[in-house]
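Subject: Structure for your review

Dear colleague,

Please find below the structure that I am handing over to you. My findings follow directly after it, and I would be grateful if you read them with the structure open.

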Amino acid sequence: MLFICHALIASSEVRDFFFNKCGIELKGKEVEVYVKPAPLRDYWYALGDPKKHSKATEMARKQVLS
């Protein structure tokens, strides 16, 4: 998801291609992209129960961070 957001902001070619494929006509040249953090939060919680400390959860989260 973050790659798409970055590409939409950084590259007018990617932006034009993407919006053309989606059938979206831009009125101006400036684009703002907002990323919702919920998928990142949900992924983090899927690594282990956030209310219970366990070595398995700790190791899974450390692996993601490194």
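Phe18 is a residue of helix 2 in this predicted model. With a relative accessible area of 32%, Phe18 is partly exposed. Its C-alpha atom is separated by 8.0 Å from that of Leu8, although the two positions lie 10 residues apart in chain numbering terms.

Phe18 also takes part in an aromatic pair, and a search of the whole structure finds 1 such pair. The partner is Phe19: the two ring centres are 5.7 Å apart and the planes stand at 70°, so the arrangement is edge-to-face. An angle over 60 degrees is what that class requires. Phe19 is buried, at 12% relative accessibility, whereas Phe18 is partly exposed.

As to confidence, the protein has an average pLDDT of 82, and 97% of the residues score at least 70. Helix 2 (residues 12-22) has the highest confidence, at 88, while helix 1 (residues 2-10) has the lowest, with a mean of 80. As a general caution, predicted coordinates should not be read in detail where pLDDT is low.

Helix 4

Which residues of helix 4 are buried? In this helix, which spans residues 55-65, they are Thr57, Ala60 and Arg61. Viewed down the helix axis, these buried residues fall within an arc of 95°, so they line one face of helix 4. The face turned away from that buried side carries the exposed residues Lys55 and Gln63. Helix 3 (38-46) is included in what covers the buried residues of helix 4.

Thr57 may serve as an example from this helix. Its relative accessible area is 8%, and Thr57 is therefore buried, the cut-off being under 20%. The side chain of Thr57 makes a polar contact with the side chain of Ser54, at 2.9 Å. If neighbours within four places in sequence are left aside, Thr57 is in contact with Leu47, Gly48 and Asp49.

Salt bridges

How many salt bridges does the structure hold? There are 2. In one, the side chains of Glu58 and Lys62 meet at 2.9 Å, N to O. Both residues belong to helix 4 and are 4 residues apart, which is about one turn of the helix. Glu58 is partly exposed, with a relative accessible area of 23%, and Lys62 is likewise partly exposed, at 46% relative accessibility.

Another salt bridge joins Asp42 to Arg41, with the closest N and O atoms 2.8 Å apart. Asp42 counts as partly exposed at 41% relative accessibility. Arg41 is partly exposed too, its relative accessible area being 44%.

The loop between helix 2 and helix 3

Are the residues Lys27 and Glu30 buried or exposed? Lys27 has its place in the loop between helix 2 and helix 3, and Lys27 is exposed, with a relative accessible area of 77%. Glu30 is found in the loop between helix 2 and helix 3 as well; Glu30 is exposed, with a relative accessible area of 78%.

Two distances help to place these loop residues. From Lys27 to Arg15, the C-alpha to C-alpha distance is 13 Å, and the two are 12 residues apart in sequence. From Glu30 to Glu58, the C-alpha to C-alpha distance is 42 Å, with a separation of 28 residues in sequence. Glu58 is the residue that meets Lys62 in a salt bridge.

Yours sincerely

Technical notes
Residues numbered from 1 in each chain as written. Heavy atoms only, no water. Buried < 20%, exposed > 50% of the residue type's maximum accessible area, 1.4 Å probe, protein only. Helix = DSSP H or I, 4+ residues; strand = E, 2+ residues; numbered from the N terminus. Arc of directions from axis to C-beta. Contact = heavy atoms within 4.5 Å. Phe/Tyr/Trp six-rings, centres within 6.5 Å; stacked < 30°, edge-to-face > 60°. pLDDT = per-residue confidence, 0-100. Polar contact = N/O pair within 3.5 Å; in protein donor to acceptor, adjacent residues only side chain to side chain. Salt bridge = Lys/Arg side-chain N within 4 Å of Asp/Glu carboxyl O.
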